[in-house]
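This briefing goes through one protein chain by topic, from a single buried position out to the chain as a whole. Please keep the sequence and the 3D view open while reading.

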Amino acid sequence: MTLRGPPTERSPAELLEFGVVNLDKPPGPSAHQVAAWVRDLCEVEQAAHAGTLDPKVTGCLPTLTGAATRLSQVFLEGSKEYVSVLELHETAPADIEAIVSEFEAPLYQKPPRKSAVSRKLRVREIYELDVLEVQDRKALLGIRCESGTYIRKLCHDVGLALGTGAHMGHLRRTATDPFDDTDLVTLHDLSDALARWREEGEDDWLREIVRPAEAALTHLPSVTIAPSAAEQVAHGAQVYAPGVIEAEEADRDQLVACHTPNGAAVCLGRMVGDVDADKGTVVELERVLV
């Protein structure tokens, strides 16, 4: 088993086989279709998007390429951010901001009928909910929430609380931990960068667009393990205390990312033990990345 080299020293082909693109999803295609286009453009076996966006929704859709699809679960651990147009059915009340702020809390939500998941009642937390602007019967909302929150349902419930009724208009995702909309790229950018590399041998633009997949792990606590331990993990072993070099603080059962000293990702797992112990399991393996 050959471990990956440092993320900054990989060839373009290696980046495509274990990379991530912070894609600006256009309106129209489904997130699944966008991922399929990325797969075909990059000429890799598979690609996976981070968090489904409905066809009409635009914005931040990090897309993993090649073997990086194994780490797609990391996007369930972070928060999401959106801006949404709230289409009010009557004129907004004077106290709209106060009423909307009451939704900054854990909320019960049942997925809509057209969703791809079981329609069971569940709790999702709204961390921040701000009224950015009100114009006529439209309100612009800024939302930061737990992964898996249904914004369409949130808008419906806010409309009921306002007494006006409301539905979700345009929706744009502005962040998916650890990515945001400050450096989004388009499908055209990706296509042009790939053509420039394949036809002219210039890879500088491609390296800006396709990042090492480790960029998708920066919001998780990191555990650095010895190369010998990484080789054992590659064959299914747990991460044992003697193999841990250092570790960032993490709660018990929290998802962590394990790396070799050169920064290459090795696995995802749950923190279950003491990193300072002489023996025993420190990280319980969930997904091998090498």
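Ser84 counts as buried because its relative accessibility is 0%, under the 20% that sets the limit for buried residues. The model is predicted, and the values below are computed from it. Ser84 is part of strand 4, which covers residues 79-88.

**Around Ser84**

- Leaving out residues up to four places away in sequence, Ser84 touches Ala139, Leu140, Leu141 and Ile143.
- The list of residues touched by Ser84 also includes Ile151, Cys155, Met168, His170 and Leu171.

**The chain overall**

- Seven helices and 16 strands make up the secondary structure of the chain.
- The chain has 290 residues, and 47% of them are buried.
- Along the principal axes, the C-alpha atoms fill a box of roughly 65 × 50 × 30 Å.
- The chain exposes about 14,300 Å², of which carbon and sulfur atoms supply 46%.
- Of the contacts between residues at least 6 apart in sequence, 66% join residues at least 24 apart.
- The chain carries 29 positive and 47 negative charges, and the mean positions of these two sets are 10 Å apart.

**The six-stranded sheet**

- Six strands form an open sheet in the order 12-16-15-14-11-13, and the pairing is mixed.
- Strand 12 (239-240) and strand 13 (244-247) are the edge strands, each pairing on one side only.
- Strand 11, residues 222-225, pairs with strand 13 in the antiparallel sense over three bridges.
- Val223 stands opposite Ala247 of strand 13.
- Strand 11 also runs parallel to strand 14, to which three bridges join it.
- Ser222 has Ala257 in strand 14 as its bridge partner.
- Strand 14 and strand 15 are antiparallel and share five bridges, and Cys258 has Cys267 in strand 15 as its bridge partner.
- Helix 7 (residues 227-234) lies across strand 11, strand 12, strand 15 (265-271) and strand 16 (281-288).
- The angle between helix 7 and strand 11 is about 105 degrees.

**Strand 14 and the turn after it**

- Which way do the side chains of a regular strand point? They alternate between the two faces of the sheet.
- In strand 14, Leu255, Ala257 and His259 point one way, while Val256 and Cys258 point the other way.
- Residues on both sides of strand 14 are buried, and the count for the strand is five of five.
- Five residues lie between the strands in the hairpin of strand 14 and strand 15.
- Gly263 in this hairpin takes a positive phi near 95 degrees.
- Thr260 is found in the loop between strand 14 (255-259) and strand 15.
- Is Thr260 buried or exposed? Thr260 counts as buried because its relative accessibility is 6%, again under 20%.
- Beyond its neighbours within four places in sequence, Thr260 is in contact with Leu3, Thr224, Ile225, Ala230 and Val266.
- Thr260 and Ala241 are 19 residues apart along the chain, and their C-alpha atoms are separated by 15 Å.

**Backbone geometry to check**

- Most residues other than glycine have a negative phi, and most peptide bonds are trans.
- Asp136, which is not a glycine, has a positive phi of about 55 degrees.
- Asp136 sits in the loop between strand 6 (122-135) and strand 7 (138-146).
- Asp136 is exposed because its relative accessible area is 66%, over the 50% limit.
- Asp253 is a residue other than glycine with a positive phi, near 75 degrees.
- Asp253 has its place in the loop between strand 13 and strand 14.
- Why does Asp253 count as partly exposed? The relative accessible area of Asp253 is 49%, and partly exposed residues fall between the limits of 20% and 50%.
- Which peptide bond is cis? The bond from Asp177 to Pro178 is cis, with omega near 5 degrees.
- Pro178 lies in the loop between strand 8 (166-176) and strand 9 (179-180).

Note on methods:
Residues numbered from 1 in each chain as written. Predicted model: local features only at pLDDT ≥ 70, side-chain atom pairs only at ≥ 80, totals over all residues. Heavy atoms only, no water. Pairing = 2+ DSSP bridges. Helix = DSSP H or I, 4+ residues; strand = E, 2+ residues; numbered from the N terminus. Contact = heavy atoms within 4.5 Å. Axes fitted to C-alpha atoms, helices over the stretch in contact; angles between N-to-C directions. Buried < 20%, exposed > 50% of the residue type's maximum accessible area, 1.4 Å probe, protein only. Areas by Shrake-Rupley, 256 points an atom, 1.4 Å probe, with all protein chains shown as cover. Lys, Arg positive; Asp, Glu negative; His and termini not counted. Charge placed at Lys NZ, Arg CZ, Asp CG, Glu CD.
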